[in-house]
Amino acid sequence: MALKVVLLSHSPDPERSVATAARNCYSPRDVETIDENWTPGEVEAMVSRVRDAGHLSTFEHTMFTFGVSGVSRALTHQLVRHRHMSYEQKSQRYIKVKGQFDFITPPSMTGRPEIVAKYEALMAQISEFYAEALAAGVPAEDARFALPNAAETQIVITANARALLDFFTLRSCNNAQWEIRELAFAMLRLSKRAAPSLFVRAGATCVRGYCNEPNGPECPRYVAVRNPVAVRRRAGLTEDGPERANPDIVADRQTAALAG
Ligand SMILES: Cc1cc2nc3c(=O)[nH]c(=O)nc-3n(C[C@H](O)[C@H](O)[C@H](O)COP(=O)(O)OP(=O)(O)OC[C@H]3O[C@@H](n4cnc5c(N)ncnc54)[C@H](O)[C@@H]3O)c2cc1C
């Protein structure tokens, strides 16, 4: 199954929730009235103000819940390192796999028929062992020890907008692993549609004009940003050296995701 990401729910008016939290800091209004009489323009102006000032605790007052399927356990293992998001993952203890378990095949394998054939044979062998272990009385919580990182899974993610911004910074970067990057792009697209002004500058740091990655110069987006001198020096580039031409930039996935 291919990656599927749906926005299951979000705070009723995410941008207004942020603006209202911010208004509490800057307005003499009583708490009963801080959420009253917003115009769309005022909400936009307040969101821009706190966003540009880096007053991002205001972004924590709005929540988004995503349903994700068609991803590997290799992905979810990385995902759950993001400690400010909440997760519920399909259990390998309570759900016994029947027949061949579903698994993800990385694109780097799909173009190599011999590798794919061996990979699929290995998955079939693991599946056979798993079924044999269950049949012998091994509980599912132990039979699953044989299941690989490739095993397909399903996960629900809930996060506030600030945690999402952090996640997008790290995982939509071209330096992130391909599968979690695809997930980040999909979540970014959905988030931007739901709350454009919260996520207008969301994405890898290059969206905001800099790159801290040591191997940044290898990235097709690197030429599109003004880079810190230290990174350029480390990469053996002069501070004012010519930038490489980048005809692929318009087709770049990051750019496409940011366009919504
Ligand atoms: C390209 C890439 C490669 C990676 N490679 C590896 C790897 O090889 N091995 C590996 O183990 N991990 C790896 N990671 C995972 C990485 O180390 C982080 O665990 C993950 O990116 C989550 O980042 P975070 O801790 O900043 O995020 P979060 O947990 O979402 O935290 C967000 C921010 O909150 C603050 N924060 C959260 N918890 C604490 C705390 N306890 N104390 C102080 N401040 C806190 C920090 O400012 C943090 O940046 C990799 C990540 C990326 C993007």
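Is R201 buried, partly exposed or exposed? R201 is partly exposed, at 41% relative accessibility. Note that this is a predicted model. Some points for a first look follow.

1. Salt bridges overall. The structure holds five salt bridges. Three of the pairs are R51 with D52, D52 with R201, and R93 with E141.

2. D52 and R201. Their side chains meet in a salt bridge, 3.0 Å from N to O. The pair links distant parts of the chain. D52 sits in helix α2 (residues 40-53), while R201 is in the loop between α8 and α9 (229-234). They are 149 residues apart.

3. R51 and D52. R51 also forms a salt bridge with D52, and the closest N and O atoms are 3.4 Å apart. R51 is buried, because its relative accessible area of 17% falls under the 20% cut-off. D52 is partly exposed, with a relative accessible area of 48%.

4. R93 and E141. These side chains meet in a salt bridge at 2.7 Å, N to O. R93 lies in the loop between β3 (86-89) and α4 (107-110), and E141 lies in helix α6 (residues 140-143), so the pair ties together parts 48 residues apart in sequence. Both are partly exposed: R93 has a relative accessible area of 40%, and E141 has 30%.

5. The network. Salt bridges with shared partners join R51, D52 and R201 into one network.

6. Helix α8. This helix covers residues 178-194. Its 17 residues should span 24 Å at 1.5 Å a residue. The end C-alpha atoms are 25 Å apart, which agrees. Helix α8 is mostly covered, with 13 of its 17 residues buried.

Note on methods
Residues numbered from 1 in each chain as written. Predicted model: local features only at pLDDT ≥ 70, side-chain atom pairs only at ≥ 80, totals over all residues. Heavy atoms only, no water. Helix = DSSP H or I, 4+ residues; strand = E, 2+ residues; numbered from the N terminus. Expected span 1.5 Å × (residues − 1). Buried < 20%, exposed > 50% of the residue type's maximum accessible area, 1.4 Å probe, protein only. Salt bridge = Lys/Arg side-chain N within 4 Å of Asp/Glu carboxyl O.
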